[in-house]
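Here is a short report on a structure. Please keep the sequence and the coordinates open while reading.

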Amino acid sequence: MSNLNAASLYENLQQPISQYYDKSSNLTREEYFYKLSISTTLYLGNLSIYTTEEQIFELFNRVGAGVRRLIMGRNKETGKAIGFCFIEYFNHEDAKEAHEYLDLLKLDERAIRVDWDIGYSEGREYGRGTGGNQVRDSYRKVADPERPNVQSNRGRGRSYNNNGGRRKQPEEDESDNSGGGYKKRAGNRSNNNY
Amino acid sequence: MLQISHQIPPEINRIRQLICKAGDDGADTFKKDLQKIVDVLGEYYQQNKQEVKDAMIQSFIQCAKLLPLKAGIYATILALLSTKQTTQSLTDQIILGLLEHLPQIAQEETPILGQTILKFLSELMNVGLLNTVSFVECLYDLEGGAENEQSPFYLQILLTTLPHAMIKAMEKNQIEFKNIIQNVEVLMTKRKTEDRLFHLWQSIRNFLNNQEKDAHTQIFQQFLKTSYPRPYLLFPDEMTQVRQLRRGFKIPIVKRTQIWRPQQILVLNDEIRSQNSNKTDVQIEITRQWIYETIDLFKTNRQQIVFQFQLYQNCIKMSPTQEAQFRQTLIFTLLNMAIEVVPRKDQLSSAFYSGLLTHLSQRNSDSIKEWNETIEQFIDQIPQNNVLIIEQLSDCLSHYFCNSNFKLNWDKYFGKYNPDETDSFNNYLVIMIFRKLFLLVSVEKITDLVPKNIIDWYSQLQDITKPLDIEQHSLAEKINSYLQQKLNGVDMLEQLKLITNPNPETVIQTFLECLLQCISKSITHLNVLSKRYLSFLLQPNIIKPEKLGEIMLNTIFKMWNHSVFHLKVYLKEFLNLEVITNLQVINWLNDLIKQKPEVFKIYNVLIAINDVFRKQTKLDQVQDCTYESVKEINTILTKMIEQEQDVVIQSSLENIQLQILIAFKQTNGTQLEKLLKEIKSTNVKQIVMSF
């Protein structure tokens with residue numbers, strides 16, 4: 001019996017699965033997007049470096065059978081969080097549900113990007129940009145206190161483009177922490193603060 | 001499928017598009033758009049090409065089945081076509097095609113497709129394409145099906161059809177229709193369940209009893225005049241020329257094996273409801289049915305659910321009162337579905353509901369204040385008999401408030417907290433909502449938005465992970481140094497064996513306490529360290545498994561009895577590693593409840609256990625689901641439920657029992673009957689059998 005899937009009637013509302021293609025994956029575009037279509041892994045970007053695993057886990061664990069694995073993005077040199085993570089579910093359906101319904105998410109007052117990922121492999125948790133941070137932070141013109149403080153390229157007038165980073169949400173800019181503005185943080189957050 | 005494909009001739013694609021998207025352009029040009037569609041389809045039909053006719057038939061079948069908002073639109077198009085040319089075979093084929101699906105639909109898990117098909121057939125009757133006598137015969141068929149089955153599958157289809165058919169049926173075939181209503185009354189009286197079907201039936205019965213007198217009936221009559229669901233009202237002259245089908249048809253009723261349960265409605269939203277007359281507005285019930293159908297049919301694609309709701313709001317011209325009622329019905333229905341804690345096979349996650357609530361409210365940003373007020377009204381009425389309701393609700397609301405820029409009425413929520421009532425349900429609700437909210441956003445980031453009294457209250461409330469009062473300090477120092485050296489499991493075991501202590505259990509206990517302190521730093525620490533060290537503890541001659549389990553459970557409770565999040569995470573991890581078993585967890589729970597700790601700590605544990613068991617079932621990774629262990633778990637839980645005085649704890653224990661039995665059914669269904677014989681409650685049996 002055909003499934004209860006009326007969504008198939010409206011083809012024009014079906015968005016492409018992702019606009020980001022990771023060239024360093026060594027996959028052709030077709031292979032890459034095929035992997036995305038069966039993936040159980042999501043990429044979360046634009047996180048605050050102070051956002052804890054517990055925060056991410058608490059929200060994304062509410063889907064289906066829960067989170068299988070959470071891998072925080074880290075600076076290879078310092079070991080510190082650099083504002084992205086991978087979330088792995090047990091099956092594609094759960095990942096799809098999280099992608100559909102936890103998109104447009106605000107975590108720690110930041111608009112978070114939820115995107116498909118081909119799957120974690122060792123080494124992918126490290127930033128590929130300057131100083132071990134993410135590439136997009138290397139091109140940041142405006143300082144973002146919630147992101148790694150990258151000194152290079154600031155003030156050179158180089159504009160940010162999408163080539164080195166993930167798909168941008170159309171309504172946000174690089175320092176988006178909308179919804180009340182940045183509130184001065186009292187101190188480093190303990191992972192145990194819940 | 002009706003997607004456009006480049007291999008398919010353009011005219012076929014065009015037909016599919018026209019039919020699928022009929023009415024999508026909104027209310028302003030609605031009549032003209034429909035007329036255009038009829039003209040174009042009429043021209044195609046006149047070409048007399050078989051593939052074109054087949055495309056039209058298949059498109060109508062698919063869309064009538066899957067787009068419940070447009071049943072009236074498709075019926076109107078077919079009616080208008082019939083006035084222009086002989087399209088009797090077209091409508092015939094469509095009806096036959098839909099009826100062919102019904103036996104298969106009857107074996108499905110939900111009656112949604114049956115409902116949408118019957119809704120379409122009732123609209124065919126309303127436009128005059130279908131004879132009223134024939135249609136009422138269909139209702140008899142459904143009623144026969146309903147009489148002969150245990151679960152209300154056919155009854156649901158029958159009841160959801162009645163509001164769309166009753167006006168015409170009463171007008172044209174009153175005696176037979178009243179007969180059906182009397183039979184349904186008998187069926188509904190036998191059911192003693194207050195669920196969605198009950199409320200739907202109440203609304204239909206009240207409407208029929210009070211047709212001319214009631215104010216809310218008049219509201220419904222006004223609603224009936226809105227043209228989007230009933231476009232034939234825009235073509236009164238043409239409808240008099242509709243050529244009726246000559247043939248009647250039968251609804252094929254088949255014997256069903258699956259048990260289906262309607263959703264519960266825990267919080268009602270009928271403002272007109274009064275205790276005396278027990279009225280329910282049929283318009284609300286129709287809207288609620290449509291919401292259920294839309295969610296079920298479009299749940300895999302968020303954008304399309306949102307699109308369907310936008311279509312509804314844009315195309316149906318509602319008065320401000322009707323808009324408010326629609327908004328309330330929508331919010332109440334979503335939240336009711338979110339907090340339905342009795343397990344269901346078609347249950348969606350709390351992230352689904354919170355995500356949908358967030359997206360729908362953002363589409364209606366002008367009325368965020370009204371949205372939030374409606375949510376507050378809902379919360380004021382939630383039943384106070386199950387902590388799982390609080391868990392689900394706080395999941396939903398924390399996500400929603402984070403995404404809606406915290407435009408909640410802080411004082412209203414905090415006002416539910418009464419410091420003089422330490423154990424109250426409302427206090428627990430407030431604590432859970434704020435804990436989950438401030439887990440998703442640090443309170444120091446939004447100090448401008450949160451009243452100071454709440455910040456002060458919360459800062460006193462929250463604890464960091466409690467450091468353990470480790471008795472054996474020198475032993476702990478030694479063990480911590482080994483942990484800092486990142487020894488592997490084997491080396492660690494060797495070091496522990498070298499420690500001289502008259503009681504080996506003390507060594508293991510201290511080791512576990514030190515380990516859990518390390519693990520508490522992050523989830524990554526938990527994953528890495530538990531795999532590194534815990535599995536070696538299961539080796540023979542180190543410690544008895546029962547003792548290990550007991551120490552583990554007591555320690556995690558000591559450290560995190562105030563945090564549902566941590567209890568869930570650690571219970572799940574240790575069950576996966578088989579360091580503890582489901583049976584150990586239940587035994588430990590039994591002992592814990594007997595010790596009578598603070599009641600909120602028990603609530604936290606109950607929520608965590610329920611969640612962990614539920615997720616085991618979802619993954620088909622239920623630990624030790626043998627007949628003997630499940631029987632023992634069931635026996636312990638049954639006794640606990642019978643002895644428990646606190647209704648809240650009792651209902652949560654019942655949920656846990658259901659989770660275990662459902663897990664057993666999934667993994668070992670053949671022995672389930674043996675186990676079910678020992679269970680007295682018919683309700684429990686039915687719930688388990690519905691999986």
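In this predicted model, residues 152-165 of chain A keep a pLDDT (the predictor's confidence in each residue, from 0 to 100) under 50. The model gives that stretch 19 contacts beyond four places in sequence, a contact being heavy atoms within 4.5 Å. Residues 167-194 of chain A are also below 50, and this stretch has 82 contacts beyond near neighbours in sequence. Where pLDDT is low, the predicted coordinates should not be read in detail.

The mean pLDDT of chain A is 74, and 71% of the residues reach at least 70. Within chain A, confidence is lowest in helix H4 (residues 135-138), with a mean of 82, and highest in strand S1 (residues 41-45), at 95. Helices (H or I, at least four residues) and strands (E, at least two) are DSSP runs, numbered from the N terminus.

Because this is a predicted model, local features need pLDDT of at least 70, side-chain atom pairs count only at pLDDT 80 or more, and totals for chains, interfaces and linings use all residues. Residues are numbered from 1 along each chain as its sequence is written, chains are lettered from A and ligands numbered from 1 in the order in which they are written, and side-chain values use heavy atoms, with hydrogens and water left out.

**Chain A fold**

Chain A has 4 helices and 5 strands. Along the sequence they run α-β-α-β-β-α-β-β-α. Of the 194 residues in chain A, 55% are buried. Buried means under 20% relative accessible area, exposed over 50%, and partly exposed in between (1.4 Å probe, protein chains only). Take the contacts in chain A between residues at least 6 apart in sequence: 68% of them join residues at least 24 apart.

Two residues of chain A call for a look at the backbone. A:Asn46 is not a glycine, yet its phi is positive, about 65°. A:Asn46 sits in the loop between S1 and helix H2 (53-60) of chain A. A:Asn46 is buried, at a relative accessible area of 0%. A:Asp108 is not a glycine either, and has a positive phi of about 55°. The loop between strand S4 (105-107) and strand S5 (110-117) of chain A holds A:Asp108. A:Asp108 counts as buried, at 0% relative accessibility.

**Helix H6 of chain B**

Helix H6 of chain B spans residues 112-127, 16 residues in total. From first C-alpha to last, H6(B) reaches 23 Å, close to the 22 Å expected at 1.5 Å a residue. The expected span is 1.5 Å times one less than the number of residues. In H6(B), 16 of 16 residues are buried. B:Gly128 follows H6(B) and has a positive phi, near 95°.

**Cavities and a pocket**

The structure holds 11 cavities of 30 Å³ or more. On a 1 Å grid over the protein atoms alone, a cavity is a set of points where a 1.4 Å probe fits but cannot get out; a pocket is an open set with protein on both sides within 12 Å along at least five of seven lines; lining residues have an atom within 4 Å of a point. Points are joined across faces, edges and corners, and a volume is the space filled by probe spheres set on the points.

| Space | Volume | Citation |
|---|---|---|
| Largest cavity | about 190 Å³ | |
| Second largest cavity | about 160 Å³ | |
| Second largest pocket | about 1300 Å³ | |

The largest cavity is lined by 19 residues; B:Gln263, B:Asp296, B:Met337, B:Arg344 and B:Asp346 lie nearest its centre. H6 and helix H13 (282-298) of chain B are the elements that give two or more residues to this lining. H13(B) gives the most, 3 residues. The lining has 8 nonpolar, 5 polar and 6 charged residues. Here Ala, Val, Leu, Ile, Met, Phe, Trp, Tyr, Cys and Pro count as nonpolar, Asp, Glu, Lys and Arg as charged, and the others, Gly among them, as polar.

The second largest cavity has 15 lining residues, with B:Lys119, B:His164, B:Pro229, B:Arg230 and B:Ile286 nearest its centre. Helix H4 (71-84), H6 and H13 of chain B each supply at least two residues of this lining.

The second largest pocket is lined by 48 residues, including B:Ser681 and B:Ile687. H33(B) supplies the largest share of this lining, 7 residues.
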